[in-house]
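Work through the exercises below with the structure open. Each task is followed by a stepwise solution.

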Amino acid sequence: MNKFNYKNGNLFCENVPVKDIAGSVGTPFYLYSYYTLLNHYRAFEGVFSGIPHITCYAYKANSNLSLCRILAGDGCGADAVSWGEIRRALEAGVPPGKIVFNGNGKTENELENAVRAGILMFIVDSEPELKLLDRVSRRLNRKARVALRINPAINPKTHKHLATGLKESKFGFAFNRALAGYKLAASLKNIEVKGMHMHIGSQILEIAPFVSALKKLISLIPSLKKSGINIEYIDVGGGIGITYQDETPPTFKEYADAITPLLKKAGCRVIFEPGRVIAGNAGILVTGVTHVKSTVGKRFVVVDAGMGDLIRPSFYDAYHEIKPVNGSSNSKRIKVDVVGPVCESGDYFARSRMIAGVKEGDLLAVFSAGAYGFAMSSNYNFRPRAAEVLVKGSNFYIIRKREVYRDLGRNEVVPGILT
Ligand SMILES: *Cc1c(COP(=O)(O)O)cnc(C)c1O
């Protein structure tokens with residue numbers, strides 16, 4: 001399924017040598033495989049063919065237009081967390097009826113735009129949001145379909161920044177307030193209650209938290225029914241982990257086998273919001289070695305990509321596999337820190353890592369960078385963001401140009417007093 005492979009010591013993406021792309025595009029750049037992305041989506045779809053569902057890819061993982069087009073073209077919906085992402089999904093060709101709108105801070109403006117667009121469902125995070133959405137819909141003479149995001153208070157056993165359904169998390173309705181939330185929703189004239197939603201976190205490596213959380217959600221259905229509230233959709237969110245190093249996340253089939261019986265019994269249509277499992281291993285970051293230097297007892301490999309390009313190591317202590325793009329896999333491995341050029345000690349990709357001998361001018365591939373990579377990039381240190389490249393078969397295409405100096409200052413305005 002994964003189409004980044006070595007042939008005779010040289011890294012290929014599908015049929016294209018990565019070195020050739022670097023020669024043409026320069027470094028650093030993100031590199032995506034068309035078929036890897038598509039295959040991940042299709043594999044996910046495949047295990048749920050037996051139940052009525054919509055897969056809404058989480059745009060925040062990677063919202064490059066070309067990648068979104070690949071998925072939309074194959075029937076994939078969108079989970080958006082801003083009006084910008086909804087626009088992006090529409091632009092990619094996702095019909096409004098396959099878009100859900102998540103997030104805990106949707107503004108009046110965003111809600112209004114989304115009501116006008118006629119999206120499938122608002123995943124409402126709180127009572128104030130419910131009331132605001134009702135007012136907005138009334139003004140537009142529409143009814144907004146909603147699911148309430150319920151916080152099941154489950155520990156997904158992932159990095160603390162990636163847990164979103166703990167009791168103390170900022171997201172959703174507290175479990176014991178859910179019933180009250182639904183009653184409020186049902187009383188609002190321009191709100192149509194459609195479903196329930198959960199999203200307990202990301203990079204989750206076990207099945208049990210998903211199952212416990214889903215069971216808790218489903219346990220609310222009978223009391224809702226008694227109050228005359230029918231649940232048509234269950235949105236189970238995203239969160240399945242991927243292999244960065246040696247993790248063994250649940251396979252799609254294991255995930256499906258665990259939750260499908262519960263979903264069937266609940267008799268609802270299902271929405272999935274996978275992000276990382278679709279895009280994560282469909283992309284790498286290719287970076288060039290600028291210097292190799294030694295300090296007292298340490299050796300540093302300084303590369304031309306930094307935390308502005310891929311912040312996951314700095315932000316989540318994340319591990320990313322790093323390998324030479326060419327050749328040196330047989331040479332002796334030495335212990336190094338791979339660091340970027342940004343003026344922060346936290347600017348690193350690997351610490352005390354054994355890597356085959358690298359020298360100035362070599363290319364390194366940072367793997368599993370397709371999700372939460374470019375999407376989280378920034379211009380910190382006034383650095384242009386990297387190019388993005390897509391490979392399909394034997395061809396490659398630049399799908400986002402490397403930024404240039406002009407892009408960095410584009411929105412700056414110098415007032416007359418300073419000219
Ligand atoms: C981030 C997010 C997702 C996707 O999470 P992954 O771990 O990338 O699958 C899905 N739903 C919501 C509400 C999210 O915030």
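Burial classes rest on relative accessible area with a 1.4 Å probe and protein chains only: buried is under 20%, exposed is over 50%, and partly exposed lies in between. This is a predicted model, where local features need pLDDT of at least 70 and side-chain atom pairs count only at pLDDT 80 or more, while totals for chains, interfaces and linings use all residues. Residues are numbered from 1 along each chain as its sequence is written, and side-chain values use heavy atoms, with hydrogens and water left out.

**Exercise 1. Salt bridges of K194**

Task: Find the salt-bridge partner of K194 that lies in the loop between α9 and β12, and classify the residues involved.

Solution.
- Step 1. Set the criterion: a side-chain nitrogen of Lys or Arg within 4 Å of a carboxyl oxygen of Asp or Glu. The structure holds 16 such salt bridges.
- Step 2. Test E192. Its side chain meets that of K194 at 3.7 Å, N to O.
- Step 3. Test E232. The closest N and O atoms of K194 and E232 are 2.8 Å apart. This pair links distant parts of the chain: K194 is in strand β11 (residues 191–197), E232 in the loop between α9 (221–226) and β12 (233–235), 38 residues apart. The partner sought is E232.
- Step 4. Fix the element terms: helices (H or I, at least four residues) and strands (E, at least two) are DSSP runs, numbered from the N terminus.
- Step 5. Classify. K194 is buried, at 14% relative accessible area. E192 is partly exposed at 30%. E232 is partly exposed at 33%.

**Exercise 2. Another pair, and a network**

Task: Is E403, the salt-bridge partner of R400, buried or exposed?

Solution.
- Step 1. Check the distance. R400 and E403 have their closest N and O atoms 3.5 Å apart.
- Step 2. Read the accessibilities. R400 has 28% and is partly exposed. E403 has 10%, so it counts as buried.
- Step 3. Look for shared partners. Salt bridges join E108, E112, R116 and R139 into one network.

**Exercise 3. Helix geometry and burial**

Task: Compare the span of α6 with its expected value, then list its buried residues and their cover.

Solution.
- Step 1. The expected span is 1.5 Å times one less than the number of residues.
- Step 2. Helix α6 (residues 127–139) has 13 residues, giving an expected 18 Å. From first to last C-alpha, α6 reaches 19 Å, close to that value.
- Step 3. The buried residues of α6 are E129, L130, L132, L133, D134, V136 and S137.
- Step 4. Contact means heavy atoms within 4.5 Å. The cover over these residues includes α5 (108–117), β8 (121–124), β9, β10, α7 (178–187) and β11.
- Step 5. Repeat for α2 (residues 34–47). Its 14 residues reach 21 Å, close to the expected 20 Å. Its buried residues are Y34, T36, L37, L38, H40, Y41 and F44.

**Exercise 4. Two loop residues**

Task: Which residues does Q203 touch beyond its sequence neighbours, and which does K170 touch?

Solution.
- Step 1. Place Q203 in the loop between β11 and α8 (208–218). At 9% relative accessibility, Q203 is buried.
- Step 2. Leave out neighbours within four places in sequence. Q203 then contacts T158, L162, G239, G241, I242, Y244, E247 and R276.
- Step 3. Place K170 in the loop between β9 (144–151) and β10 (173–174). K170 is exposed at 57%.
- Step 4. With residues up to four places away left out, K170 touches N104 and D125. K170 and N104 are 66 residues apart in sequence, yet their C-alpha atoms are 7.9 Å apart.

**Exercise 5. Backbone exceptions**

Task: Which peptide bond is cis with omega near -5 degrees, and what is the phi of D317?

Solution.
- Step 1. Recall the background. Most residues other than glycine have a negative phi, and most peptide bonds are trans.
- Step 2. The cis bond runs from T27 to P28. P28 sits in the loop between α1 (18–25) and β4 (29–33).
- Step 3. D317 has a positive phi of about 55 degrees. D317 lies between α12 (312–316) and β16 (322–324), in a loop, and is exposed at 57%.
- Step 4. F382 also has a positive phi, near 55 degrees. F382 is in the loop between β19 (363–366) and β20 (387–392) and is partly exposed at 42%.
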